[in-house]
Every structure is written in C-alpha cells, then in structure tokens.
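The following exercises concern the contact between two chains and the nonpolar core. Each task is followed by a solution in steps.

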Amino acid sequence: MSEELVLKIEGLHVYYGAIHAIKGIDVKVPKGKIITLIGANGAGKTTTLSTIAGLVKAKSGKVIFKGRDITNRPAHLVNKMGIALVPEGRRIFPGLTVYENLMMGAYNRKDREEVEKDLEWIFELFPRLKERLKQLGGTLSGGEQQMLAISRALMSRPRLLMMDEPSLGLAPILVEEVFDVIKKINQEGTTILLVEQNALGALKISHYGYVLETGSIVLEGPSKELLKNDMVRKAYLGVA
Amino acid sequence: MNQEVFFLQNFFNALMLGGLYALIAVGYTMVYGILRLINFAHGDIMMMGVYFAFYTAVLFSSPPLIAAIVAVAGAAGLGFLIDRIAYKPLRNAPRISALITAIGMSFFLESFAVVVFGAVQKPFVQIFKTKESKVILNKVLMVGGARIPLLTFLVILLTLAIFAVLFLIVYKSKIGMAMRAISMDIPTTALMGINVDGVIGFTFALGSALAAASGIMWAMRYPNVYPYMGFMPGMKAFIAAVVGGIGSIPGAVVGGLLLGFIEIFTVSYFPTMSGYRDAFSFIILILILMFKPSGILGKKAIEKV
C-alpha cells in the first residue's frame, strides 16, 4: 500500500495475566479510511483498541501512530497525540451534563472558537443532543448515550477515531443511524478504526477489514471482498 | 441569661464548630469520592498545617496572615506529596492496602511531629504579637443580648468564603469537572486526555489546604498546638463526612454542621453530659450506619451501564 498510514500495528502481543489475548497481530490504518476489526466475543477486538489507547500494556510488538512509536504510552498522552476512543458500553459520565460530557472531550483544547465550531457541527450530526445539553448524561437513552459518546470523542478533533461496538445494544433503526453517522464522519475527513460484532454493518461501510479469532488475524481484505468470502459469510453473516 | 440569649450564644458556637468540621470533612469526602479511600492521615495533615503556621510566625516573626497563607500552601504541598509517595504506588492494589497505608501515614505524621516539634503543648496565640490581632482575638460583639466574640464571626465568615470558592472550583471550573469525572469513571477520564494522577494530586492538595485552614482557625479558638491535636477533629470530620454521605461535598457540609450543633447543644442544655460530648458523635455515626448507611445526602452507587 502506498497510502499514508495513520496507524500501524506490528506483531502486537498482549497478555492478561497468563492469558494470551492478542497473539502477534499486524494492522494498518491508512489515512481517510474506515478500517474494521470484526470477530466474535473474546476474539481480542476490545483488547486491541484498549492497547492502542494506552489502557492495557502490550507485552511486545509496536503501535506506530503517524510514524511515532506510541507503544505503552499512558492513555492521556495517547489522546493528546490525536487518538480518541469511543469505549465499549459508551461510558458516558452519568453525573455530568451532556454539555460537560462534550467539554470533557475537548479538555485539552485551547482554541475556544474552533471548539464552538465543532459543537455546532456535532449539533448538525445529532440535533437531539442540542435539546438535551443541560440534562445529566445518565438520564439519556441508550441511543442518545451512544451519540454523546461519539460526539465526546469527536470534540478532541482526533486524527484517528476508534470505536468499540458502537451498535451494541441499540434498536435496529438506531444501528442503521449510527452506521450512517460513522460514514458521514469519515467522509468529512476523520480516519476511523471500527470494532464490531455486527460484521455486516461494519463491512458495508468500511474500506478494509480484518477478521480476528482468539487473538489472531485469520483473514483480511477489502471489505467488499470479505462480504463475498465464504468463511465470513458462514461465520459472521449467518448466510450459508 | 434568658433562653433566647442562651440559644443565640450556642447557635454561633455551633455554627463555627460545625463549619470547622465541615472544612475538614470535605477533604475526606473528596478523596473518598475519587479513590474510595479513607485518608486517615487527613486530621494529621490539619495538625501539620497548624505547626507550619506556628513556626512560620514564631521563627520568621511573620504576620499571622502571612503565616496562615504559608501554612495552607505548605499543607497543600504535603497532601500532594503524601499521595505521590504513599498512595499512588497502590492505585491498582486492593483497597485495604491503601487503607492500612493511610493509618500508617497518620501514625507517621504524629510521630514525626513528636520528634521534630516536641510533644509539649504550645500556645498558638504566640503567633499574635501585634495590637490589632489581639483586638481581633479579644473583642466581643453584642448580638441580640448575646456576647459573641468577634473571632467567632470571622471564623464563620471565612469558612463561608472558603466554601464559596470550593464550590466554584468543584462545580464551575475545568479541573473541578475532571475531579467529578474521575469520581465516576477513572479509565474513561484518562481517555479524555486528562492526567488522572495530576487531578488526584490536586484533590489531595485542595483537601489538605482546607484542613490546614480549618486547623488554624481551630487553634485560634482552642489555642493549643500539639502532635495529636488532629486526631479528634479528624475523627469527628470523618464521622461528619459519613453522616452527610461520603463522597458528597454538600453532604460533608451538612454532616459537619449537624455534628457541630449536636455537640454544642447537648453539652449546653445537658451540662451533666458534657463528659460524653465526643460519644455523641459516635452515637450519631452508629445510628446513621444502622438506618441510612449511604448518609443524609449520599446516593446509592449508580450502576454503570
């Protein structure tokens, strides 16, 4: 690939105590694309994202962000470099208002006018959040919380937006809405690394995909091809 | 003395004592809210703050106000250091380890004070040398027939002002927002690019500064300085924090005031019980733990979705 890489993972190994969770994976995230990691529960998808984000320590291997080795940097520094994570289960701050949740995302930014602009952009993406600015995060519905979690991550103006199961636990109509929004965010210039159990939805909107099974990548390729792949169809799309 | 005057007299005393308890209680509650740790050394940080003020005034003959500011800053630094040295290495350890460390830290500070400052009680009023400050200490105001020392008013006003600043910091400032976020979800706060250990250090510094401020006012009213002077106020403030609902800052204020009022009023209306004044606080603690363990303003833990 001759494209400019935002993120490159080389031979990454991660352990939880004695459990070998990630067994030497290589992933490339080119600029401006949506890359997806699909796989079943326990395949190591969340662990991969947590390791990139600095929440979990890698045993060996490298995480390279825009040419710089960021392996095992503390989470707050990884975020400052331009990587934002929408964590699994949304993890909204329940006792902070919607506005405060958004401002948490913009915590390290000094460019107040640009922050205002980004807020306006987010209200365009999710008009419902604007109505709920003064409400506590914990009082939002699941779908609204997911939108808030995505918005909060966007407020840091990330170079790389990582999302962990954004469609999990949402009503089918909202699932579609979330995937549409992801596509839109990408079209407006943000590189995205998407982790999903909803393989069909993820492959439909992404450019390139990796299939993760018990800590190893068993298959990779352009998403369009993966959608046609027999093994993917059988195991993840439920089509014989 | 008629009933009303008697009441008024005690009312102001109770307000002052309750406010001082509340100032210390806030330190317990903020640290608990963030780390789920009872910082048993907190009362001793208050004691150290009083010594800082005492020695700054006595050794450098600085005016009391300067001594107080130096002491508050010193206590803030001490609180920050204690977190870095004693608690930070145990962030991922079982909670009981940090708790035992806190008890150890309390003993350490007390022993340190005995060795370095000496176990003999020292009169705090030594720091007031100027005429003006003596006036402040001794002047008495008449309020509705009651004789209220000017000092009591000053302490109440100062406590109010400190609380106003504290509430601004916690509920209106950026770092306050980070403190509240940490109390809800530490890893997600780190994901927002926030240096969690830095904010925790700030919280210790803030709580310790308030404890020192409380201690200095305490020592002006109950004017002896000694290494174990932090123990009882610390205990009471801890009870205040639990009674109000540990983790809740408004709860610490309510708990502190409640304790101050109960203590002053039981002693003044039932003078024969005055020997039991400390026992009342513990009885309140037992009652709260029996009937409303989450405290007056405490919330039951919100289940995280």
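Contact means heavy atoms within 4.5 Å. The model is predicted, so local features need pLDDT of at least 70 and side-chain atom pairs pLDDT 80 or more, whereas totals for chains, interfaces and linings use all residues. Residues are numbered from 1 along each chain as its sequence is written, chains are lettered from A, and side-chain values use heavy atoms, without hydrogens and water.

**Exercise 1.** Determine how many residues of chain B are in contact with chain A, and how much area is buried.

Step 1. On the side of chain B, 19 residues are in contact with 22 residues of chain A.

Step 2. The two chains bury about 2,000 Å² (accessible area lost on being put together, 1.4 Å probe, summed over both). Carbon and sulfur atoms account for 67% of it.

Step 3. B:M177, B:L191 and B:M192 lose the most area to chain A, together 33% of what the side of chain B buries.

**Exercise 2.** Identify the salt bridges across this interface (Lys or Arg side-chain nitrogen within 4 Å of an Asp or Glu carboxyl oxygen).

Step 1. The rule finds two.

Step 2. B:D185 forms a salt bridge with A:R91, with the closest N and O atoms 2.8 Å apart.

**Exercise 3.** List the residues that B:F124 touches, leaving out those up to four places away in sequence.

Solution. B:F124 touches B:V50, B:A53, B:F54, B:I216, B:A219, B:M220, B:P223, B:N224 and B:V225.
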